[in-house]
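Please find below my comments on the structure you sent. They are set out as numbered points.

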Number of protein chains: 2
Amino acid sequence: MLRGLSAATDPASITAIVNTADDTVMHGLNISPDLDTVTYTLAEAIDPERGWGLVNESWRTMESLARYTPQRPSGSTAGGTWFNLGDRDLATHLYRTARLDEGATLTEVTAEIISSWGLPQTILPMTDAPVRTRVRVDGAWMAFQEYFVGTRHSVAVEAIDFAGIEQAKPTNAVLDALHTTPCVVIAPSNPLVSIGPLLAMPQLRDVLVRRRDRVVGVSPIVAGAALKGPADRMLVELGHEPSVVGVARIYAPFCSTFIIDDQDADRADEVRALGMRCIVTDTIMKSPEVSAALGRTALEALA
Amino acid sequence: MLRGLSAATDPASITAIVNTADDTVMHGLNISPDLDTVTYTLAEAIDPERGWGLVNESWRTMESLARYTPQRPSGSTAGGTWFNLGDRDLATHLYRTARLDEGATLTEVTAEIISSWGLPQTILPMTDAPVRTRVRVDGAWMAFQEYFVGTRHSVAVEAIDFAGIEQAKPTNAVLDALHTTPCVVIAPSNPLVSIGPLLAMPQLRDVLVRRRDRVVGVSPIVAGAALKGPADRMLVELGHEPSVVGVARIYAPFCSTFIIDDQDADRADEVRALGMRCIVTDTIMKSPEVSAALGRTALEALA
């Protein structure tokens, strides 16, 4: 979506506000998967097949780490290799960790990383405070990455919790961007665990509610299914309808315009009945051209 | 020296007590250069040309880190690549850091690492408390690795300080080993910054003094020069004689027997005048055979 928007308008005018509740600390390193995926994607450095991490990656450190894993005592999670960190990717975590240890904010570090990749866009973590998504599975809380990567989201989620969210505040940079932009686009991402943490901060949600006429959402669900990830199943598991209408119900309070896929054209009236404008178009971004067209549609929707 | 001792006796009977005052935290990772050098050496995995780090190493992470270094703000040391950490070597630091974060002691982590490499020897950090060598250069204190690696020890040292040494205690495992062993060998290492931190802990030094007749030292200085590193210059800079006699003066209070090289045979009487037995032999371990012979000499010296 960000690539599409960057093709549709001046990339330097774009600010991405990114979920940090997927962040984790592993091997002592601060890892921000969503920030890095956005950065690497915009830098055209993401591995196109995996969809995460860097292209031309190698795995020497992880391969070497496997030597130590069998020797850890029971109960220890040290030396875990299930969360695969490539050799090139590790550099990003080393830099981030060193800067945070020096007292920099995640916002500052992210700006430095973005600048290192020569990106014209602004990328902002939603907050500088630590927030950690946990999911309840079979009655027990599990860290998000353990669920998402460890189990490959193969288990049913009973509840979601954003630990630390009460203490977290959106940064001033985030609030300024949301206050002043002519158009907020909610990307087609998991409404519960990717967009959800942002909405769980009242100050952020309030700006969206107040600027509802400037907010356009793109449905992450097409014909009842998520194109990527567990959003569809997770919606069902947590009592939502896994459809454009189910997502529209979540977004209606702060989103005036909802873009759904051609395949869901028959649900457009139900979306409109929720008090939203509904735009029906091709939302499956299988080429740069479709992405750019969708970017234009989103920006023009409120123009 | 440890290889020579391991060839001269049952390796499982050997305990190495290792300096940890060279330890540092970089990129959020706990790095113990001396422990790792001992481990990699005994595992025959050390790079023979560099003399540190692992053989068959690659440098992808450090190469990638260089992208970020120019973007750090002035005053920041994040993203530094002057302390070169190989991709394979990084795995050791990741494991150590994760275990220390879990509350393990450095002694415990080291035992796990040793076990992972299948080593029969015991390797003990001198203490589980953080101690950091600093050197004063031109009136300003500098962290040891900055001096040793950063400047390649090319600057004159005015003073040495082991920050944290007052709070540090040798571990029980270290004291037990020193109390019970029939023979303590002081390896030919820098007397001031490699052996010095151990001696700076009164509890450790006291055991050596009490067991002086069980302690044999090997001179790190041959014909007035260190075979490796800045020990000779550092001795001069700090007011010692850069010779076997200069080192013998430091060791005499807790070391009954001193092994010096054939090239220093003419100084043997001066060593003896300090109240030490003096053995003159080939101490330049340029082959496994010479190392083993030196190991045997050291062990037999007290037999």
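The points below take up the relation of the two chains, the contact between them, and one residue of chain B.

1. The model is a predicted one, and its two chains should be read with that in mind. Chain B can be superposed on chain A with an RMSD of 0.0 Å by a turn of 180°, accompanied by a shift of 0.0 Å along the axis. That is the relation of a two-fold axis, and the same surface serves both copies, since 100% of the contact residues of chain B recur in chain A.

2. As to the contact itself, 30 residues of chain B are in contact with 30 residues of chain A. On the side of chain B that touches chain A, the elements of chain B giving two or more residues are helix 3 (60-65), helix 4 (87-101) and helix 5 (106-116). Of these, helix 4 of chain B gives the most, with 10 residues.

3. In composition, the residues on the side of chain B that touches chain A divide into 10 nonpolar, 11 polar and nine charged.

4. A separate remark concerns B:H179, which has its place in helix 7 (residues 172-180) of chain B. Is B:H179 buried or exposed? B:H179 has 11 C-beta neighbours inside 10 Å and therefore counts as exposed, the cut-off for that class being 12 or fewer.

5. Finally, B:H179 and B:L208 stand 29 residues apart in sequence, while in space their separation is 8.6 Å, taken from C-alpha to C-alpha.

Conventions. Residues numbered from 1 in each chain as written. Chains lettered and ligands numbered in written order. Predicted model: local features only at pLDDT ≥ 70, side-chain atom pairs only at ≥ 80, totals over all residues. Least-squares fit on C-alpha atoms with pLDDT ≥ 70 in both. Contact = placed C-beta atoms within 7 Å. Helix = DSSP H or I, 4+ residues; strand = E, 2+ residues; numbered from the N terminus. Nonpolar A, V, L, I, M, F, W, Y, C, P; charged D, E, K, R; others polar. Buried ≥ 20, exposed ≤ 12 C-beta atoms within 10 Å, placed from the backbone.
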